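Let us read a structure together, one feature at a time. Here it is.

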Amino acid sequence: MNAARRLWQAALLLAAGVAPAALAGQAVSGRVVVGFPKSSLRVGGTRERVDGVWAGAAVGFHIASWTFSASGTRGTLSPSATSGVLERDVGEISAGGRYEPRPWLAVDGRFIARAFSSAAGRQRWNMAAIGVIGSRDLGTPVVRASASLAYLQVLSGSEQALPDFGLGSDVSLAVAPPRFPLAFSLGYRVERFQFPQSAGRSEQFETLTLSVGLRVRRLDGRWVLGGRAE
Amino acid sequence: MRTWRLVILLAIAAATARAQTGREALAAGTDRYLLADYQRALPLLSVGLNPAVGARDQNWSRGVERLADVLLVLRQDALAATWLRWAARLSPEFTVDEDLVPPAVVRAARAARAFVDSTPRDPFVVRTEFQWPAAFRAAAPGIVRLAAANIPITARIGADQFMRGGESRSLPPGSYDAVVSAPGYLPTRLTVELLPGVETRLRVSLLPETAGALYVVARPWATLLVDGQTVGYTGVAGHRIGPGSHTLRLTRDSGPAWDTTIVVGERQQIRLAWITRRDTTGEPRLDSTLRALDAGEFERGVEALRMSERFGEHAVALARLAEASWALRARDSARASLRRLVALDPFYMPPVDLFNPDLRAAYDRIRHETPVIGMRTAPDTVVVPDRDALPIEIAVGRPGDVRLYLRLASPGSRDSLLAVIPVESLAVFRLALTLPDGSALPSGSIGIQGEVVFPGGGARHGLTLNLERLSVDTVAHMSPLPNTSYRPEVTKGPASWRTVAEAVGLGTAALMIPAIMNDKGLSGRSVPLAASLVGVSIAIADLSLNRPRVTVQENVRYNATQRAEWQGRNRSIAARNALKLRGTPVRVRARGTT
């Protein structure tokens, strides 16, 4: 009880210290995400591929050069043909922060929990990801392209054999029309996991994502709609 | 040694002056002065200032100021002060030309006038005559002689010189206090200036101890004669008069003289007043004091005015104080009051019936010396800008060029010079209520600043005018044209090879990054379709957005024509509005500022 109270007081003090300095540059964004995930797995000589659709939402809070975000998606993956592979549900939640030292460069740290569930059982990986993101305007600030590379460390999982590490990459194209509250993005993400040699296993997860977002910015002491969604 | 050298030089110079006397010597001295030959100018000017050989005119005054200048140059400051005091006492109109003489002479002349004003003498009791030497001797003492009288009079000169009637004393040049008395008679006090080599004769007619005092007030002012002898201009205060019957006559420039006979008792004070017009200020206490002055109660009136806190706010009260002080022979106090009067209200013109010619001359002189400016206009008036101009009256003390500035009340506005007007005393400037471009002045407050600058000082005064347009019906300006009325002035041109290369490169990079990460064995494709989709999208977006912009000259001309037509229509409306504004009556409320 005392620990909870101290935590709450610390949070209040932190908010009181940060808020005055950050009032001018803050923004809040929300996105609806629709994705087409695909998971590929090879164990020994056996290979299985499942793909499907997932949907979810993401929220972000932007203060000066910092962005804190969280997202959650859920969907179903099915085998592409009658291969004996079971249909499974997939879900992912992530939370993290991003720091932009330069307008074209950002560093991202994130916690990701991804789970697959089928009639055969349940698999869950808890991962930490750290990466760098480069971005560039395509002739106008309205359209921006970005690419990232990330290192993934699986922290824990429900399986005996966990990957040593993973590498991820993300490329995206974002459009935020001026005087229009919505922003759109198209992205592709791929993650490849490296298992110990003895496991004889390799795995890759990729997804094509479409998102529509809404962003509210603090401008001249007022909250206004518009701007690029994170 | 230096003094002896000066004495020898002056003695030599004096020898050359012997041949010239009177105004010839004054003219010769002026010539030497203008040639800066001060050693020779000194004896000639001294000889030429003999008041018995010519009128005390402007040449005589210029001679005094040149002699003072010479003496100051020769470090004979005390002697210069004595000459200036002698001239100021001899001639009430004496003044130096402050625009011409050096500042040291101006200061000495002012000090001399103040000294003489503070040591007045009764001209009916004491008369002075001067015996001028044929040749000027610098080292000669001054001589004072008390003329013999039919009563046993004695005089004390300075602190320790006593003499009887018919006797004389030789004393160093300078100013001396003297008291002349006789048993059974009122003593008289006077100050006398002794000049080097000049014999000053004092003819004293003491009044018996039983003499009364006569106070006369007249408005319009007049000249007072008692028993046929001219006393001077009214007001007259404390004029001693022997007991018995006397005939009084008041003469004026126009109209018949007024005669009366009075019988004066022993030590009686008689106050006579001929007042045709009285002054009022609206303040009961001040008006009561002015009535006392009108009744000839000079001392009480002056005291009451000085005790009154608010008399300094009324020009008429200051004028009456000056007039009463002048009558009491407190000339320095009178001049101080006149200076305050000029500073308080540069527009004040003394009524012709109030100030006698001596006082009027003093007022004019002080006004002419005082750097002050005032501006005024009607407090509430209505003018039509394109037909009328607002008359602004300007008054200055010392004549000069008045610079008038216009200050708009809008923030950041700067003064603009309206006019430079040479003003001798009073002038009227007609202010057009339009801007330099001919448009009407906007409603609101504007400032008019008047400034007159002299070497070493100046004065300024301002008027604040509040302009209120009474009614106006103008046409509203046209609203701006909507953006849809304009054609796009730039368009995308064909993509250059460089643009294509950049777009393809960027798209390929976006595609290759995940492709490298991809495991073909797992995904079944060396390049995932989704990665291709994003990469191609980036390439297409970059290519389309980075195409060079080309100006469409036809559209530029079209838009320029549209804008010009819109501005032309608005200019026409603005011109019609300006005409209406200039023809619209404007109410102007004015208030003065410092």
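Q: How many residues does each chain give to the contact between chain A and chain B?
A: Two residues are in contact if their C-beta atoms, placed from the backbone, lie within 7 Å. Here, 23 residues come from chain B and 23 residues from chain A. This is a predicted model: local features need pLDDT of at least 70, side-chain atom pairs count only at pLDDT 80 or more, and totals for chains, interfaces and linings use all residues. Residues are numbered from 1 along each chain as its sequence is written, while chains are lettered from A and ligands numbered from 1 in the order in which they are written.

Q: Which elements of chain B give two or more residues to the side that touches chain A?
A: Start with the terms. Helices (H or I, at least four residues) and strands (E, at least two) are DSSP runs, numbered from the N terminus. The elements are helix 12 (497–517), helix 13 (520–523) and helix 14 (529–545) of chain B. Helix 14 of chain B gives the most, with 10 residues.

Q: What classes of residue are on that side of chain B?
A: Ala, Val, Leu, Ile, Met, Phe, Trp, Tyr, Cys and Pro count as nonpolar, Asp, Glu, Lys and Arg as charged, and the others, Gly among them, as polar. The side of chain B that touches chain A has 14 nonpolar, 7 polar and 2 charged residues.

Q: Which residues have the most contacts inside the largest nonpolar core?
A: A residue is buried if 20 or more other C-beta atoms lie within 10 Å of its own, exposed if 12 or fewer, and partly exposed in between. A nonpolar core is a set of buried Ala, Val, Leu, Ile, Met, Phe, Trp, Tyr and Cys residues joined through C-beta atoms within 7 Å. The largest has 64 residues, and Phe298(B), Ala322(B), Ile392(B), Ile394(B) and Ile448(B) have the most contacts inside it. Helix 9 (residues 315–327) of chain B supplies the largest share, 8 residues. A second, separate core of 52 residues includes Trp60(B) and Leu146(B).

Q: Which residues of strand 2 of chain B are on its covered face?
A: In a regular strand the side chains alternate between the two faces of the sheet. In strand 2 (residues 142–146) of chain B, Gly142(B), Val144(B) and Leu146(B) form the covered face, and Ile143(B) and Arg145(B) the uncovered one.

Q: In which sense does strand 2 of chain B pair with strand 5 of chain B?
A: Two strands pair if DSSP finds at least two bridges between them. Strand 2 and strand 5 (residues 168–171) of chain B are antiparallel, over 4 bridges. Gly142(B) stands opposite Leu171(B) there.
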